[in-house]
Amino acid sequence: MKNLFLAGTALAGLAFGTTAAFAADKAAVLTNYANIAEAKYQDSLITAKALKAAVDALVAEPSAENLQAARAAWLAARVPYQQSEVFRFGNAIVDDWEGKVNAWPLDEGLIDYVDASYGGPTEENTLAALNVIANPQFELSGKTIDATEITPELLESALHEADGVEANVATGYHAIEFLLWGQDLNGTEHGAGDRPWTDYADGDACTNGNCDRRGDYLKAATDLLVSDLEWMAQQWGSDGAARTTLLADEDAGITAMLTGMGSLSYGETAGERMRLGLMLNDPEEEHDCFSDNTHNSHYYDGLGVQNVYLGEYVRVNGELVSGASLSDLVAAKDADLDAEMRSKLANTMQALGRIKTAAEAGLSYDQMLAQGNAAGEALVMGGVDGLIEQTRTIERVVSALELEDVAIEGSDSLDNPTAVFN
């Protein structure tokens, strides 16, 4: 049966114009993994550049149409980036960098005006309502900061995680998201943020003040995102540090792959991004909370895990990047385990797909988190359960491949639920 399966795979590959079945070779698996990482970060860069063009157009000629175009570009940029999150946890170079581009949740009052219900500074974060856009000069850690000119350097060096507080997110996708959508004040009712385009208008048409500085902040944050993604795409290139480190030790490289798959599946997505928000019935725990795009974030995180195991990724231009895979390695050891892993990944994608479909049909992720929404809870928990189940099989794969040092991230919401309420 194994030979028939491989022959069928080879024929299927020829039928679709791809390469035939790959031998179970660790070096080839790691090279394909690095190629997929490079492609995902290149696609993230391509879509970020499209976002930059849309942002530049909005700031140059503010209008409802240009604001909508910038929002659409942001949503498109999330598709390849979320699929790249599976490279976290196992690759130190990604972990050390990721907080600049995808940190969440954020205290948005650091950046711009907020609703009165938001509140002011707290003991945990004295800068929670700083409003840099309204204040060209402010005190930070005993120093006077000149923010007359809002630049990428100011955001990165002075503001991001200011005072060592992780909630002081000044850069990345979610800072841009807030500037495009504004706060989502709908709670667990349907509806995303609704920032008016006139927040970027000139002269008397400007709403909520400081429209020129708001535009400067939006452009600076987007420019910084582009440069950050340029850097990471280079790290996975032929001579890049991420690729070189990965290929230097085959067992450590395979360990990194499975660590990323397991940690993103379990502690990060199933736990911190899904189960926690459901336990707290709190829409502030949404990953893309301003835009109500969380259903897509979860879906593409799940897809990222699946395509690492299968060794394939479809680029934004439709090109297929594929090659030797973890699936090949596992099948060579235990064909039944490989079939189980594939099945678990498919089940998870089906569950995450149900969340995505329901949200696109009008049941927003906010509503799914609402207390007493049994249908919403069932949808979210379907995804959580699928992610947990696939993690259990990932652990079996680790054992089958005789690997050590695969440390899968946990979450109190899954491992110690009572601690969440302490």
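A salt bridge is a side-chain nitrogen of Lys or Arg within 4 Å of a carboxyl oxygen of Asp or Glu. The model is predicted: local features need pLDDT of at least 70, side-chain atom pairs count only at pLDDT 80 or more, and totals for chains, interfaces and linings use all residues. Residues are numbered from 1 along each chain as its sequence is written, and side-chain values use heavy atoms, with hydrogens and water left out.

**Exercise 1. Describe the salt bridge of aspartate 338 and the surroundings of its two residues.**

Step 1. The partner of aspartate 338 is arginine 342, and the closest N and O atoms are 3.4 Å apart.

Step 2. Helices (H or I, at least four residues) and strands (E, at least two) are DSSP runs, numbered from the N terminus. Because aspartate 338 and arginine 342 are four residues apart in helix H12 (residues 335–360), about one helical turn separates them.

Step 3. Buried means under 20% relative accessible area, exposed over 50%, and partly exposed in between (1.4 Å probe, protein chains only). With a relative accessible area of 5%, aspartate 338 is buried, whereas arginine 342, at 35%, is partly exposed.

**Exercise 2. Place the salt bridge between glutamate 98 and arginine 88 in the structure.**

Step 1. The N to O distance of this pair is 3.6 Å.

Step 2. Glutamate 98 lies in helix H4 (residues 92–102), and arginine 88 in the loop between helix H3 (64–84) and H4; the two are ten residues apart.

Step 3. Glutamate 98 and arginine 88 are both buried.

Step 4. Both belong to a network of salt bridges that also links Glu85, Glu268, Arg273 and Asp301.

Step 5. The count of salt bridges comes to 24. Another of these pairs arginine 195 with aspartate 199, with closest N and O atoms 2.8 Å apart; both of these residues are buried.

**Exercise 3. Work out whether helix H10 is enclosed or open, and what follows it.**

Step 1. Helix H10 covers residues 294–310, which is 17 residues.

Step 2. The expected span of a helix is 1.5 Å times one less than its number of residues. From first C-alpha to last, H10 reaches 24 Å, close to the 24 Å expected.

Step 3. Of the 17 residues of H10, 15 are buried, so the helix is largely enclosed by the rest of the structure.

Step 4. Glycine 311 comes after H10 and has a positive phi, near 70°.

**Exercise 4. Find backbone angles that depart from the common pattern.**

Step 1. Most residues other than glycine have a negative phi, and most peptide bonds are trans.

Step 2. Asparagine 131 is not a glycine, yet its phi is positive, about 55°. This asparagine 131 sits in the loop between H4 and strand S1 (137–140) and counts as buried at 15% relative accessibility.

Step 3. Asparagine 208 also has a positive phi, about 65°. Asparagine 208 is in the loop between helix H6 (173–181) and H7 and is partly exposed, with a relative accessible area of 44%.

Step 4. Tryptophan 104 and proline 105 are joined by a cis peptide bond with omega about -15°.

**Exercise 5. Compare separation in sequence with separation in space for tyrosine 266 and tryptophan 236.**

Step 1. Tyrosine 266 and threonine 391 are 125 residues apart along the chain, while their C-alpha atoms are separated by 6.3 Å.

Step 2. Tryptophan 236 and serine 265 are 29 residues apart in sequence and 23 Å apart, C-alpha to C-alpha.

Step 3. Tyrosine 266 is in helix H9 (residues 250–280) and is buried at 8% relative accessibility; tryptophan 236 is buried at 0%.
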